[in-house]
Amino acid sequence: MNQKGILLVNLGSPKSTSVEDVKEYLDEFLMDEKVIDYRWIFRALLVQGIILKTRPKKSAEAYKTVWTDEGSPLIVISKHLQKRLQEIVDVPVGLGMRYAEPSIKTGIQELVDQGVTEITLFPLYPQYAMSTTETVIDKAEEVRLKFFPDIKINYVEPFYDREIYINALAESIREKLPADFDLLQFSYHGVPERHIYKTDPTNTCNMNTCCQKEDNPSHKFCYRHQCYKVTELVCKKLGLPKEKVMVTFQSRLGKDKWMEPYTDATLEGLGKKGIKKLAIVCPAFVSDCLETLEEISVEGKEIFLHGGGERFDYIPCLNEEQSWVNVVKTLSEEKLNDFYFH
Ligand SMILES: C=CC1=C(C)c2cc3[nH]c(cc4nc(cc5[nH]c(cc1n2)c(C)c5CCC(=O)O)C(CCC(=O)O)=C4C)c(C)c3C=C
Ligand SMILES: [Fe+2]
Ligand SMILES: [Fe+2]
């Protein structure tokens, strides 16, 4: 008899806020060929020769400002989600991170130790990206082949346009959105434009209005489209007019051209354009983390207020809200049932 299980997978955080641990984490993360997609030698020159010389110290300082007694917010929240899901499903639920610990191997082992032979792996990213969804699947397949050749894994697909997810996100925003806001900014994690072209099997996305068009064959692999789609569906649900909404992209790294408009540059200029009361939400992340708690809630707020803004409301990620736990349950169970049809 096959025993099923669910493995939640998130990005991962350093073990601690020490510069050495942050360096080890950034090394694993940025040496991933689906994150910095240069030939090995150029990637190593850039990451190990340049980025790792200075960034670990700066990032360690940033991590210190968000770290909790229980550890990194991203890991703590993911563990809470695992626990909340375990309370409402009747198969074992494990947790793994793409980088650092608990690793995907640790997560699979945790399930195998409970007798699991068929795993539904849930990448905790609403939108598809080479640097997130794809690298999680690659890693899980590598680990499976090497250490667990007898188990089966299937994958929950990106869920950016699923009604249950949109409902949960829209409801969560509705509850926290102040009545008198001037603008609701949707800030998504950016990626280099090159990644979008590279993962478009149809070669039809030109990074212009095509991403916002209703139909384009590239949409299934277009991270940019999927970000705009989430925004469009949430705004429709909330009845928000276009003039009160804006999409931007945050957290860029290096000298490549990343998707625009940039969150920081936009925040700088909003005050002068008459936006005094800003609400901001980050739907590329399902768990609050360094990029939302520090880059947006602290740095982003400072930039906005310095540019003439007056009130800044950060709307938290779905984290461990019950509606979100229910979404994870529903999407996981669809895939668990899929095993019957193979
Ligand atoms: C939500 C989706 C994410 C995409 C897409 C993504 C792409 C991407 N990220 C980097 C570089 C860094 N990201 C860092 C942190 C970070 N990134 C995501 C998510 C996505 N990244 C999360 C959830 C986090 C937070 C992790 C945490 O511990 O809280 C960092 C590390 C922090 C820092 O030094 O700023 C880097 C570096 C690239 C290059 C990239 C696409 C190519
Ligand atoms: Fe596109
Ligand atoms: Fe990132």
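Author: In what follows, helices (H or I, at least four residues) and strands (E, at least two) are DSSP runs, numbered from the N terminus. The model discussed here is predicted.

Reader: Where does Pro-261 lie, the residue whose peptide bond from Glu-260 is cis?

Author: Most peptide bonds are trans. The bond from Glu-260 to Pro-261 is instead cis, with omega near 0°. As for its setting, Pro-261 belongs to the loop between strand 6 (245-250) and helix 9 (263-270).

Reader: Which residue joins Pro-102 through a cis peptide bond?

Author: Pro-102 sits in the loop between strand 2 (93-97) and helix 4 (104-112). The cis bond that involves Pro-102 has an omega of about -5°, and the residue at its other end is Glu-101.

Reader: Is Ser-251, with its positive phi, buried or exposed?

Author: Ser-251, a residue other than glycine, has a phi near 65°, and its place is in the loop between strand 6 and helix 9. Buried means under 20% relative accessible area. The relative accessibility of Ser-251 is 12%, and therefore this residue counts as buried.

Reader: How does Asn-203 count by relative accessibility, buried or exposed?

Author: Asn-203 lies in the loop between helix 7 and helix 8, and its phi, near 55°, is positive although the residue is not glycine. Because its relative accessibility is 67%, Asn-203 counts as exposed.

Reader: What is the distance in space between Asn-208 and Leu-95, C-alpha to C-alpha?

Author: Asn-208 is placed in the loop between helix 7 and helix 8, where its relative accessibility of 47% makes it count as partly exposed. In sequence, Asn-208 and Leu-95 are 113 residues apart, while in space their C-alpha atoms are separated by 37 Å.

Reader: Which protein residues are the donors of the iron ion (ligand 2)?

Author: The donor residues of the iron ion (ligand 2) follow the sequence spacing C-x5-C-x10-C. Two of these, in the loop between helix 7 (193-198) and helix 8 (223-238), link parts of the chain that are 17 residues apart, namely Cys-205 and Cys-222. Both Cys-205 and Cys-222 are buried. The protein donors, each offering its SG atom at 2.4 Å from the iron ion, are Cys-205, Cys-211 and Cys-222.

Reader: What share of the area that ligand 1 exposes when taken alone does the protein bury?

Author: Ligand 1 has an oxygen atom 2.5 Å from an N or O atom in the side chain of Ser-13, and a nitrogen atom 3.0 Å from an N or O atom in the side chain of His-189. An oxygen atom of ligand 1 also lies 3.0 Å from a polar backbone atom of Leu-290. Of the 800 Å² that ligand 1 exposes when taken alone, the protein buries 97%.

Reader: Which element gives the most residues to the shell around ligand 1?

Author: The shell holds 25 residues, the closest being Ser-13, Arg-55, Ser-59, Tyr-63 and His-189, and by class it has 16 nonpolar, 7 polar and 2 charged residues. The elements giving two or more residues to this shell are helix 1 (19-30), helix 2 (40-66), helix 5 (130-147) and helix 10 (290-293). The most, 4 residues, come from helix 1.

Reader: Why does ligand 1 lie between domains, and which domains are these?

Author: The reason rests on the shell around ligand 1, because residues of both domains contribute to it. Ligand 1 therefore lies between domain 1 (4-158 + 322-337) and domain 2 (163-315).

Conventions:
Residues are numbered from 1 along each chain as its sequence is written. Chains are lettered from A and ligands numbered from 1 in the order in which they are written. This is a predicted model: local features need pLDDT of at least 70, side-chain atom pairs count only at pLDDT 80 or more; totals for chains, interfaces and linings use all residues. Side-chain values use heavy atoms; hydrogens and water are left out. Donors are N, O and S atoms within 2.8 Å of the metal (3.2 Å for Na, K and Ca); water is not among the atoms, so sites may look incomplete. Buried means under 20% relative accessible area, exposed over 50%, partly exposed in between (1.4 Å probe, protein chains only). A residue is near a molecule or strand if one of its heavy atoms lies within 4 Å of it. A polar contact is a pair of N or O atoms within 3.5 Å; within protein, one must be able to donate a hydrogen and the other to accept it, and residues adjacent in sequence count only if both atoms are side-chain atoms. Accessible areas come from the Shrake-Rupley method with a 1.4 Å probe; for residues, only the protein chains shown count as cover. Ala, Val, Leu, Ile, Met, Phe, Trp, Tyr, Cys and Pro count as nonpolar, Asp, Glu, Lys and Arg as charged, and the others, Gly among them, as polar. Domain bounds come from an automatic or database domain assignment.
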